[in-house]
Every structure is written in C-alpha cells, then in structure tokens.
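Q: Could you take me on a close look at one part of this predicted model? I'd like to start from a single residue and then see what lies around it in the chain.

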Amino acid sequence: MVKINGVDHFAISVYDMEETIAWYERVFGFQVFDHSEIPGTGIKVCHMAGHGLILEVFNPPGGNTLPESRKIPDEDLKVNGNKHISFGVPDGEQAKKELIADGVEIVFEAIVDGTYGIFIHDNTGNLIEIFEEKGEWYEKISKLL
C-alpha cells in the first residue's frame, strides 16, 4: 500500500484562463500562486491555492468545449472518468444562499443518505459539488478520514 498525504491538486482545462481565475477567486477565494506554460505545447498553466487544495488550470490553444451531457450530474455519471470536485461546507443551505447571491446557478440539488448536496457549474461548465459535512452519514465517514 502506498502511503499518501491526501489530495494534492485538482486539474481542469478551460477556454478562458483569466475569466476562470476571476471566477474561482470571487466564488471560492482561491489565489493564484504560479503561471507557466508547458514547453513546446502552447498550453498555459495557472496554479491557484485555497482551502488546503491546489487547483491546476490548463488553457490549451484550440481546446474543445465541455459536451453538454457532462454538465448534467446524472448524465455525466454515464461517462467513465472523473466526475466532479466536491467542496465541503458546514451548512449547505447557507452556502446555497451565498452562491445564488453571487450569481451562481444551482444546477442540481440532492439529499442522499441524509446528506445534502448541490451542484453548480464553474464559468466553463465544470461540475462542482457543494457537500454539507454533517449528519449521520458524514459522522460515519469522518471517523475514517
């Protein structure tokens, strides 16, 4: 078994680097700490940090937009691969109110196994889950974390 320290970073590809930086700064408070480019590819890279996580943002020239089906949580589950990033919050309803006040559309809302979660899109359409970290289900899992 490999010993890991936890999640290091999450990576996304976007069509507009500056718009994405501004969105993640405004909505979640991430801060840019590095800009670079992958040699010989023209792919711009930006690293942002916040909440114990690094967000790696790629901006490839001529990149493809996210297919519409990948923007719908239940449809996206039918495509193999990574699904979404989930940010834990202490109060899901309060987070929902704050997101709506910031102009962020709630895409999907669910209560599963007594847990509350909502899904939103970032400025590029990537799915993000906001997961309420409380209740019986979370109490069970938090003992393992």
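Q: Is G6 buried or exposed, or something in between? Please start there and then walk me through the strands.

A: G6 counts as partly exposed, because its relative accessibility is 44% and the partly exposed class lies between the 20% limit for buried and the 50% limit for exposed. You will find G6 in the segment before β1, a strand that covers residues 9-13. Now look for L145: 139 residues separate it from G6 along the chain, yet the C-alpha atoms of the two are 9.7 Å apart.

From G6, follow the chain into β1. This strand belongs to an open sheet of four strands, in the order β1-β4-β3-β2, with mixed pairing. β1 and β2 (31-38) stand at the edges with a single partner strand each, so one side of each has no neighbour in the sheet. From one strand to the next, the twist averages 20°. Inside this sheet, β3 (residues 43-50) and β4 (residues 53-59) run antiparallel and are joined by seven bridges. To see one pair of facing residues, find A49, which stands opposite I54 in β4. Helix α1 lies across β1, β2, β3 and β4, and runs at about 5° to β3.

Next, try strand β7, residues 115-121. Six of its seven residues are buried, so the strand is mostly covered. β7 pairs with strand β6 (residues 106-112) through six bridges, and the two run antiparallel. Here I111 has Y116 in β7 as its bridge partner. The hairpin of β6 and β7 has two residues between the strands, and D113 takes a positive phi near 50° there.

β7 also pairs with strand β8 (residues 127-132), again in the antiparallel sense, over five bridges. In this pairing, I120 has I128 in β8 as its bridge partner. The hairpin of β7 and β8 has five residues between the strands, and in it G125 takes a positive phi near 105°.

Finally, how far can you trust the picture? The chain has a mean pLDDT of 91, and 100% of its residues reach 70 or more. Confidence is highest in helix α1 (residues 17-28), at a mean of 97, and lowest in helix α4 (residues 136-142), at 78. So the helix you met lying across the four strands is also where confidence is highest.

Conventions:
Residues are numbered from 1 along each chain as its sequence is written. This is a predicted model: local features need pLDDT of at least 70, side-chain atom pairs count only at pLDDT 80 or more; totals for chains, interfaces and linings use all residues. Side-chain values use heavy atoms; hydrogens and water are left out. pLDDT is the predictor's confidence in each residue, from 0 to 100. Buried means under 20% relative accessible area, exposed over 50%, partly exposed in between (1.4 Å probe, protein chains only). Two strands pair if DSSP finds at least two bridges between them. Axes are lines fitted to C-alpha atoms, for helices over the stretch in contact, and angles run from 0 to 180 degrees between N-to-C directions. Contact means heavy atoms within 4.5 Å.
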